[in-house]
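Reader: I want the criteria behind the labels in this model. Show me the structure, then I will ask.

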Amino acid sequence: MSTHTVPHGSPHNVLNGSEAQYTNAQQPLVGELGQSTIQSVLSHTEHPGNAIKEIQLKASLRNHHCRPLLSLLDELGVTRLETHTRMLESAKQVLCSRIETMQEDGLLALLEETFPYVSIDGLRSVPLDILKRLEAVPEAYLQELGEDHDLFAELPASVQRQVYEVNRKLLQEHAAPLMAVYLHGVAVVRQELNMDVGGKSIKGPPTRQTYRKTLAHLVKLVNMIGGSPKVYRGMMDVCVSKFKESEGLYVGPNQAGYCLLRSQLLMAFHDNASFRQLANEDPCHDLAWILDAAIAHSRDAPAQGQEGGVLKPAHMASLKKFFWDFDSKDTGRGKKRKHLSGGSEGESPLYSGGDWRDDHGKVIAEAGMILRDPSALHLIIKQVLHRLPVIFEAQGVPSEDEDLVFLTRLLQLAVGCRQMLKEKRYAFPPVKMELAGDFFAVLIGFTMEAALDDSYDAQDGVVDEPNQQLVELLMREEVVRHVTAMYTLERIAARDWARTRTLMASINQALSLLDERALPEWAAFAATLARRMAELLPQQQVGLGDPVWRVCVDTFLLKAVDIDSQVHGEVVRIFAEGADQHLKHEEQAKQRKASAAKTGTSYQPRLDPFPVPLLVDYLHKCLAATKHSRKRHRKRKQEEMQFIKGNKKHRGGYSSGGGLTSRPPIVDDMDQQDRLDVSPDNTDGVRSEYAILAPSSSGESSGFSLGDRLKLTKDMAPDLFSYLRIY
């Protein structure tokens with residue numbers, strides 16, 4: 001095994017590379033030195049036997065008292081290997097005990113002598129103990145330690161962080177796989193795809209703080225950083241870079257996940273008293289803290305008898321203060337920078353915007369990432385929609401409402417920050433009048449219609465006509481798309497089917513005209529809408545084939561099902577609910593028949609709410625539409641499992657017992673309670689959802705499961721049986 005060289009610039013360079021030094025009797029014949037010496041001696045001698053004796057003499061113990069003792073041990077049956085191994089271990093123990101009491105100068109001198117042998121298993125513990133004791137390892141050593149990935153894995157965590165401080169490339173190489181596993185974990189995707197703000201929440205930990213403490217790969221990222229300001233900043237830069245450079249013109253769950261990570265990594269340090277100072281020094285700390293508190297309040301408010309999804313006045317004031325204070329910061333160039341509003345000091349920051357190309361302006365783009373955290377974005381949208389009825393009742397003008405304009409600017413910053421990072425042009429954008437004026441006027445118009453309209457029937461037979469002004473705005477503005485999605489969910493919650501149908505018709509027409517790559521932007525809406533449909537079906541608020549079903553399920557969700565496996569799973573659950581309604585209908589039909597026979601009255605059959613042929617047709621359509629997404633999911637899961645298991649493809653300090661693996665994972669990010677990922681055969685993320693609808697694969701029907709009661713056969717559902725490998 002090769003040895004490491006003492007870095008250039010050290011007082012004594014042990015390895016000059018000259019043959020004279022290789023054969024110096026004072027040099028230990030180990031590693032590369034030993035190999036070179038033996039090769040040189042044996043290749044230049046005419047008497048191999050004498051050469052071997054010479055090598056043995058040079059490698060032997062110097063103390064003449066050792067020879068008779070070695071001979072005695074030979075007679076006792078102790079091999080030379082055992083003897084030398086025990087002596088080596090004893091010597092290392094003595095040296096390592098002295099290291100504990102050595103001063104910095106002595107440690108550096110000893111490191112210089114022992115570092116060349118750090119690659120040798122039997123000697124590695126000595127330089128590693130020295131490195132662990134040093135408060136600051138010289139940069140030359142750190143650079144070399146970063147080049148040997150296997151050695152790096154065995155370094156103490158404190159030394160690994162010092163390596164990261166001088167080797168940003170290595171930090172990114174080790175952090176990126178951890179980030180990917182974190183972002184694709186079920187618990188994280190759930191947060192991204194949940195637009196239920198201040199209302200019902202899907203199953204999961206009660207707070208974001210709980211997620212931060214329990215998701216293993218986020219905890220690992222925190223442990224990587226430790227208390228190092230340089231590694232903290234480097235990690236945030238990796239996160240920002242991944243968001244900026246992520247593929248796709250539109251921001252879907254994969255891209256938005258980096259905004260969630262930027263926010264939650266910051267707040268994980270805020271939660272940790274030992275490292276809180278790092279969070280406090282982050283220029284986005286106050287913003288992340290305000291939003292995190294607002295999200296927690298919004299979630300807890302309904303349980304406390306308060307309105308959910310609404311920013312408290314204190315939170316709103318703190319948000320304004322954050323951006324106002326940012327306006328007045330000094331750039332460090334000897335003069336006050338222009339306000340983010342683009343105006344002079346004292347001018348309101350609500351209506352205009354500044355523009356910079358300096359690095360300091362990057363803070364506003366990172367603030368945009370904090371706002372683009374899906375939970376924060378949804379809360380701000382909810383607050384926008386909360387303001388509209390207030391303006392309507394006061395007969396106000398949206399573009400003149402200070403709170404609404406400020407919230408709109410936050411949304412513009414959130415959706416525009418990625419482009420800012422790409423172009424390196426940073427600004428707190430001025431409000432767009434087609435948002436504050438045209439778009440909000442459209443929504444207030446819908447609200448006015450709803451207040452005057454009592455015809456909320458989902459099946460009134462009216463043709464679904466899109467609002468053409470809204471369609472045009474949807475095609476142009478991402479803010480419009482996000483706000484319209486939330487507004488549509490609100491109209492569904494209010495059982496306002498007339499507006500729901502118009503809004504969905506407008507969304508569907510806009511999507512038909514937009515690039516198909518825009519669909520991932522609607523992932524959160526699709527997942528939440530699917531949950532809404534699954535809830536409304538048993539309540540008989542919507543039904544198979546009615547106008548709301550057509551615009552929501554047939555037109556939108558069957559198209560959106562390929563966005564993500566979580567969306568796919570939610571859509572399949574709609575059909576599982578439909579299957580349950582079918583079974584209840586059959587049971588009720590049996591009871592009515594029996595009652596009719598008993599009383600002698602005629603039996604009047606009722607319409608099946610979800611016939612089996614239609615159920616099977618929907619399942620087959622979903623399978624046909626999701627071949628690509630299921631393949632992507634399988635590939636990603638295989639890569640993640642290889643990383644988790646320590647596959648050598650992901651080299652570094654996370655697969656081989658180094659300092660950063662000393663703490664076991666708290667909870668696997670792939671939530672074992674989530675039924676989308678519990679099965680080992682569920683590599684595409686949705687197999688277990690389909691399996692619920694199929695008979696038991698063993699062929700022994702229990703008669704109680706949904707699949708067994710449906711009594712599907714291979715002839716009835718060939719694609720489903722083929723997919724589930726039921727033969």
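Reader: Why is Cys96 called buried?

Author: Its relative accessibility is 15%. Buried means under 20% relative accessible area, exposed means over 50%, and partly exposed lies in between (1.4 Å probe, protein chains only). So Cys96 counts as buried.

Reader: What am I looking at, and which atoms and residues count?

Author: This is a predicted model, where local features need pLDDT of at least 70, side-chain atom pairs count only at pLDDT 80 or more, and totals for chains, interfaces and linings use all residues. Residues are numbered from 1 along each chain as its sequence is written, and side-chain values use heavy atoms, with hydrogens and water left out.

Reader: What makes Cys622 buried or exposed?

Author: Cys622 has a relative accessible area of 0%. That is under the limit for buried, so buried is the label.

Reader: How many disulfides does a search of the whole structure find?

Author: Zero. A disulfide needs a pair of cysteine sulfur atoms within 2.5 Å.

Reader: And how many aromatic pairs?

Author: The search of the whole structure gives 18. Rings of Phe, Tyr and Trp (its six-membered ring) pair if their centres lie within 6.5 Å; planes under 30 degrees apart are stacked, over 60 edge-to-face, and the rest tilted.

Reader: What makes Phe575 and Phe610 a pair, and which kind is it?

Author: Their ring centres are 6.4 Å apart, so the distance test is passed. The planes stand at 55°, so the pair is tilted.

Reader: Which parts of the chain does that pair tie together?

Author: Phe575 lies in helix 29 (residues 565–599). Phe610 lies in the loop between helix 29 and helix 30 (612–625). So the pair ties together parts that are 35 residues apart in sequence. Helices here are DSSP runs (H or I, at least four residues), numbered from the N terminus.

Reader: Are both rings buried or exposed?

Author: Phe575 and Phe610 are both buried. For Phe610 the relative accessible area is 1%.

Reader: Why is the pair of Phe610 and Tyr618 placed in its class?

Author: The centres are 6.2 Å apart and the planes at 45°. That angle is neither under 30 nor over 60, so the pair is tilted. Tyr618 is at 8% relative accessibility, so it counts as buried.

Reader: Which residues do ring pairs link into a cluster?

Author: Phe322, Phe323, Phe406 and Phe428. Phe428 also has Arg409 over its face, at 3.8 Å from the ring centre.

Reader: What makes a charge sit over a ring?

Author: NZ of Lys or CZ of Arg must be within 6 Å of the ring centre and within 35 degrees of the ring normal. Arg409 has that place over Phe428. The charged end of Arg687 sits over the ring of Tyr723 too, 4.4 Å from its centre.

Reader: Now the cavities. How many of 30 Å³ or more are found?

Author: Seven, in a search of the whole structure. On a 1 Å grid over the protein atoms alone, a cavity is a set of points where a 1.4 Å probe fits but cannot get out; lining residues have an atom within 4 Å of a point. The second largest cavity holds about 210 Å³ of space.

Reader: Which residues are closest to its centre?

Author: Arg372, His378, His482, Glu521 and Ala524, out of 21 lining residues. By class, the lining of the second largest cavity has 14 nonpolar, three polar and four charged residues.

Reader: Which helices supply that lining?

Author: Helix 16 (253–271), helix 21 (374–393), helix 25 (478–493) and helix 27 (523–536) each supply at least two residues of the lining. Helix 21 gives the most, with four.

Reader: Why is Lys321 called exposed?

Author: Its relative accessible area is 51%, over the limit of the exposed class, so exposed is the label. Lys321 belongs to helix 19 (residues 313–327).

Reader: What about Asp438: why its label?

Author: Asp438 is at 39% relative accessibility, between the buried and exposed limits, so it counts as partly exposed. Asp438 sits in helix 23 (residues 433–452). Its C-alpha is 8.8 Å from that of Leu473, 35 residues apart in sequence.

Reader: What is the phi of Gln395, and where is that residue?

Author: Phi is near 55°, a positive value in a residue other than glycine. Gln395 is in the loop between helix 21 and helix 22 (402–423). At 73% relative accessibility, it counts as exposed.

How values were computed: 1 Å grid on protein atoms, 1.4 Å probe; cavity = no way out; pocket = protein on both sides within 12 Å on 5 of 7 lines; lining within 4 Å. Points joined across faces, edges and corners; volume = space filled by probe spheres on them. Nonpolar A, V, L, I, M, F, W, Y, C, P; charged D, E, K, R; others polar.
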